[in-house]
Amino acid sequence: MAATTIHQAVGTLQSCRSNGNSGLCPGYGHVSLRSVSKGFKVDVGLLRGGSYCSKKRSTCVIQASASHATVSDAVSAPSSANSSDSKKKTSEAALILIRHGESMWNEKNLFTGCVDVPLTKKGVEEAVEAGKRISNIPVDMIYTSSLIRAQMTAMLAMTQHRRKKVPTIIHEESEQAGAWSQIFSEETNKQCIPVVTAWQLNERMYGELQGLNKQETADRYGKEQVHEWRRSYDIPPPNGESLEMCAERAVAYFKEHIEPQLAGGKNIMIAAHGNSLRSIIMYLDKLTSQEVISLELSTGIPMLYIFKEGKFIRRGSPAAPTEAGVYAYTKTLAQYRQKLDNMVQ
Ligand SMILES: O=C(O)[C@@H](CO)OP(=O)(O)O
């Protein structure tokens with residue numbers, strides 16, 4: 001059966017949540033095995049891949065395979081079982097992490113946490129610059145927090161990508177929202193990058209510090225106290241989250257939702273926040289709670305990891321020391337870039 005049929009079928013299936021089967025297949029809406037068995041034909045050759053679903057795993061995998069792309073094939077995503085098979089053998093995946101560009105409260109030096117503020121003009125420029133730096137790295141799926149500064153950053157960065165796919169936000173706030181945002185053309189779907197938004201990737205909740213000026217708070221409570229609230233691992237600010245608490249939900253989300261996609265060969269970009277990304281980097285780089293204290297992330301600087309054989313290999317920023325250095329690291333990244341070069345010739 002052609003991938004077209006699968007996409008059409010997926011577009012027509014009912015929500016997993018509504019029938020109790022649970023499990024979101026990021027980027028392609030909800031699907032339930034019950035709906036499939038009701039009448040849609042499924043090519044078992046496609047029943048493989050790296051997606052996941054808490055109860056009805058196999059159906060979710062159908063979607064993952066239909067849109068599966070590895071580092072080396074993301075220019076032309078394979079739509080058959082054979083190509084998916086052959087890619088899996090050499091599968092490695094790129095993981096890009098970007099802290100959002102400067103927000104309007106970064107500019108004002110206010111504790112922001114989960115307050116949903118937009119980027120400044122400088123933040124917009126940083127996001128565009130970040131996009132240029134990753135414009136040759138394959139991206140098959142995007143995860144952002146539910147906060148607008150991270151979403152703006154992801155979208156603006158993708159305007160610079162040479163592949164020119166369109167990032168499209170997956171809406172799951174209600175069954176209707178999901179149903180109404182479906183795509184019914186396989187061709188169009190292939191030119192889209194699903195964007196999954198997750199509150200678990202939000203900035204740490206800063207409690208009663210949210211909205212306060214950082215300098216004024218230091219003047220009032222003392223530099224040491226404020227530093228402890230901002231950078232200790234397990235001491236929360238008043239009624240807020242410690243980094244440890246933030247890590248609990250952000251890393252759990254990463255392990256449950258994002259890592260399986262990487263394992264399936266999907267190239268992922270995550271646009272999130274200083275502290276949610278610090279906690280994820282702590283996990284990726286196996287940092288201790290002491291080491292993570294001194295980890296600081298700049299706004300709008302993308303960091304690249306390669307996921308291979310279950311391991312995360314840190315590449316640093318695609319901007320430094322040289323772009324060539326980054327591409328020299330994996331053959332597949334170099335091949336992807338070559339394909340992009342060939343496309344524009
Ligand atoms: O205010 C915030 O939400 C964060 C990130 O800007 O601040 P901090 O550097 O203290 O973690």
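Start at the ligand, where a polar side-chain atom of Asn275 lies 2.8 Å from one of the ligand's oxygen atoms. Two more side chains make similar approaches in this predicted model. In Arg99, an N or O atom of the side chain is 3.2 Å from an oxygen atom of the ligand, and for Asn106 the corresponding distance is 3.3 Å. On its own, the ligand has 310 Å² of accessible area, and the protein covers 95% of that. If you want to trace the surroundings yourself, look for Arg99, Asn106 and Asn275, along with Leu110, Phe111, Thr112, Gly113, Glu203, Tyr206, Lys214, Arg230 and Arg231.

Now pick Lys214 out of that group of residues around the ligand and follow it into helix α10, which runs over residues 214-221. Just at the start of this helix, a side-chain oxygen of Asn213 comes to within 2.8 Å of the backbone nitrogen of Gln215. Which residues of α10 are buried? They are Lys214, Thr217 and Ala218. These three sit on the same side of α10, because they cover an arc of only 100° around its axis. There's a simple bit of helix geometry to keep in mind here: an α-helix has 3.6 residues a turn, so residues three or four places apart point the same way.

Turn to the other side of α10 and you meet Glu216, Asp219 and Arg220, which are exposed. As for what lies over the buried residues, the cover includes α11, made of residues 223-231. Between the two comes Gly222, which follows α10 and has a positive phi, near 95°. Arg230 and Arg231, which you've already met around the ligand, fall within the residue range of α11.

Next, go back to Asn275, since that residue is also touched by Cys246. Cys246 lies in helix α12, residues 243-263, and its other contacts include Asn202, Arg204, Glu241, Ser276 and Ser279. Is Cys246 buried or exposed? With 0% relative accessibility, Cys246 counts as buried. For a sense of distance, take Gly265: it is 19 residues from Cys246 in sequence, and the two C-alpha atoms are 27 Å apart in space.

A cysteine may make you wonder about disulfides, but a search of the whole structure finds 0 of them. Why doesn't Cys246 form a bond with Cys114? The closest cysteine sulfur to that of Cys246 is the one in Cys114, and at 8.2 Å it is too far away for a bond. Cys114 itself counts as partly exposed, because its relative accessibility is 27%.

Finally, step back and take in the protein chain as a whole. It has 15 helices and 7 strands, and 53% of its 345 residues count as buried. How are its contacts spread along the sequence? Among those between residues at least 6 apart in sequence, 72% join residues at least 24 apart. The accessible surface of the chain comes to about 15000 Å², with 52% of it belonging to carbon and sulfur atoms.

Key
Residues are numbered from 1 along each chain as its sequence is written. This is a predicted model: local features need pLDDT of at least 70, side-chain atom pairs count only at pLDDT 80 or more; totals for chains, interfaces and linings use all residues. Side-chain values use heavy atoms; hydrogens and water are left out. Buried means under 20% relative accessible area, exposed over 50%, partly exposed in between (1.4 Å probe, protein chains only). Helices (H or I, at least four residues) and strands (E, at least two) are DSSP runs, numbered from the N terminus. The arc is that of the directions from the helix axis to the C-beta atoms. Contact means heavy atoms within 4.5 Å. A polar contact is a pair of N or O atoms within 3.5 Å; within protein, one must be able to donate a hydrogen and the other to accept it, and residues adjacent in sequence count only if both atoms are side-chain atoms. A residue is near a molecule or strand if one of its heavy atoms lies within 4 Å of it. Accessible areas come from the Shrake-Rupley method with a 1.4 Å probe; for residues, only the protein chains shown count as cover. A disulfide is a pair of cysteine sulfur atoms within 2.5 Å.
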